[in-house]
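Trainee: Please take one part of this model and look at it closely. I would like to hear about the aromatic rings and the sheet beside them.

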Amino acid sequence: MWTPQKARDFIDPSVLASLAGMPLMARRPMRGTVSGRHTSPTRGSSVEFAQYRKYVPGDDLRRLDWRAHGRSDRYYVKEFEADTNLRCCLVVDTSGSMEFGTVPENPSDVLTKKNITKLQYARRIAAAIGYIAVGQGDAVGLSCVADGIVKHLPALRNPSHLRSIFDTLEQIKGEGQTQLVDVLHELAETTRQGAMIIVMSDFFVDPEQLRSCFEHIRFRKHDLSLFHLLDPQELDFSFSRPTRFLDMEGGTAIFAEPNEIADRYQSALREYLDRFSDIVTQTGVDYHRVRMDESYQDVLTRFLTRRATARGVR
């Protein structure tokens, strides 16, 4: 198993070690190039029986079930589930709003004033998933997106490719506007059919605009997962004094008294989150709302466990 040689602040060896025994499973059949642990849409020969079908000339005679022939006087061929590897495509939002963060990077250290941003949190999730996928023989790629695809690394199985992904994750910065809708449509078409697409973003987009993206990705037979990153300050709106609110994607700043807008803000937030939840449910997306004061190890443990128990869900 390849191990990272260079120390990087978004890679915690103890977290990787704790997650290494948990497989990353696909929820739908994958079209890979080599044998692996994921169900394929094609039939092959493995230990897991799938179904019988009638013999047709040209079928491999070794797969005839002679017991079935003895009972029915007809020829039947056994089919088995063929296992394959997958292509895991990591999509990291690098727009300006991803540089926001109020959670201390080291909560136990009261002296530090450094906060973890959404982009840093996304880096950690992406790096850990990439490490797990490569460790089980799957191909991993990376797309960094903002007002377009800023950086793209194709999905490869070569373990040394993981170093390129880590290098890219280390270099990216949050800047520019979000054009997530157009980017996801583009990725749906350009990513080879039947991949696992995992998006890490704060999704500062009208949920109704995202519906068509999710449907497009599902239509292309991709397995889509979302990590919706939200800072506690965004959820709690715990401001106590007049505050200047800055649009981190280039919009105008607003100076406001929090007590006067708190109720309207919370109402708008609930409406947004409820609409988002309805859309991901209706489109069959694997959705994970992440409050950033939660350990990313716990988030990933929940993600991997749910996928393992939901294997075969379409």
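**Aromatic rings and the sheet**

Mentor: Start with Tyr265. Its relative accessible area is 27%, so Tyr265 is partly exposed. The cut-offs explain the label: buried means under 20%, and exposed means over 50%. Keep in mind that this is a predicted model.

Now widen the view. Searching the whole structure gives 10 aromatic pairs. Take Phe203 and Phe276: their ring centres are 5.4 Å apart and their planes stand at 65°, so the pair is edge-to-face. The label needs an angle over 60 degrees. These two rings come from distant parts of the chain, 73 residues apart. Phe203 sits in the loop between β8 (196-201) and α6 (207-219). Phe276 belongs to helix α8, residues 258-283. How accessible is Phe203? Its relative accessibility is 0%, so Phe203 counts as buried. Phe276 is buried too, with a relative accessible area of 1%.

Back to Tyr265. Its ring pairs with that of Phe237, and this pair is stacked. The centres lie 4.3 Å apart, with 25° between the planes. Distant parts of the chain are linked here as well: Phe237 and Tyr265 are 28 residues apart. Phe237 lies in the loop between α7 (232-236) and β10 (243-245), while Tyr265 is in helix α8. The two partners also differ in burial class. Phe237 has 10% relative accessibility and so counts as buried, whereas Tyr265 is partly exposed.

Some rings group further. One aromatic cluster is formed by Phe203, Phe214, Tyr272, Phe276 and Tyr287. The edge-to-face partners Phe203 and Phe276 are among its members.

Next, the sheet. It is open, has 6 strands and runs in the order β7-β6-β3-β8-β9-β12. The pairing is mixed. Which strands stand at the edges? They are β7 (149-156) and β12 (286-291). Each has a single partner strand, so one side of each has no neighbour in the sheet. On average, neighbouring strands are turned by 15° against each other, direction ignored.

Look at the β7 end. There β7 pairs with β6 (residues 139-145) in the antiparallel sense, over 5 bridges. Ser143 has His152 in β7 as its bridge partner.

Finally, the helix and the sheet meet. Helix α8 packs on the sheet and touches β9 (223-230) and β12. The direction of α8 makes about 170° with that of β9. So α8, which packs on the sheet, is also the helix that holds Phe276 and Tyr265.

Note on methods
Residues numbered from 1 in each chain as written. Predicted model: local features only at pLDDT ≥ 70, side-chain atom pairs only at ≥ 80, totals over all residues. Heavy atoms only, no water. Phe/Tyr/Trp six-rings, centres within 6.5 Å; stacked < 30°, edge-to-face > 60°. Helix = DSSP H or I, 4+ residues; strand = E, 2+ residues; numbered from the N terminus. Buried < 20%, exposed > 50% of the residue type's maximum accessible area, 1.4 Å probe, protein only. Pairing = 2+ DSSP bridges. Axes fitted to C-alpha atoms, helices over the stretch in contact; angles between N-to-C directions. Contact = heavy atoms within 4.5 Å.
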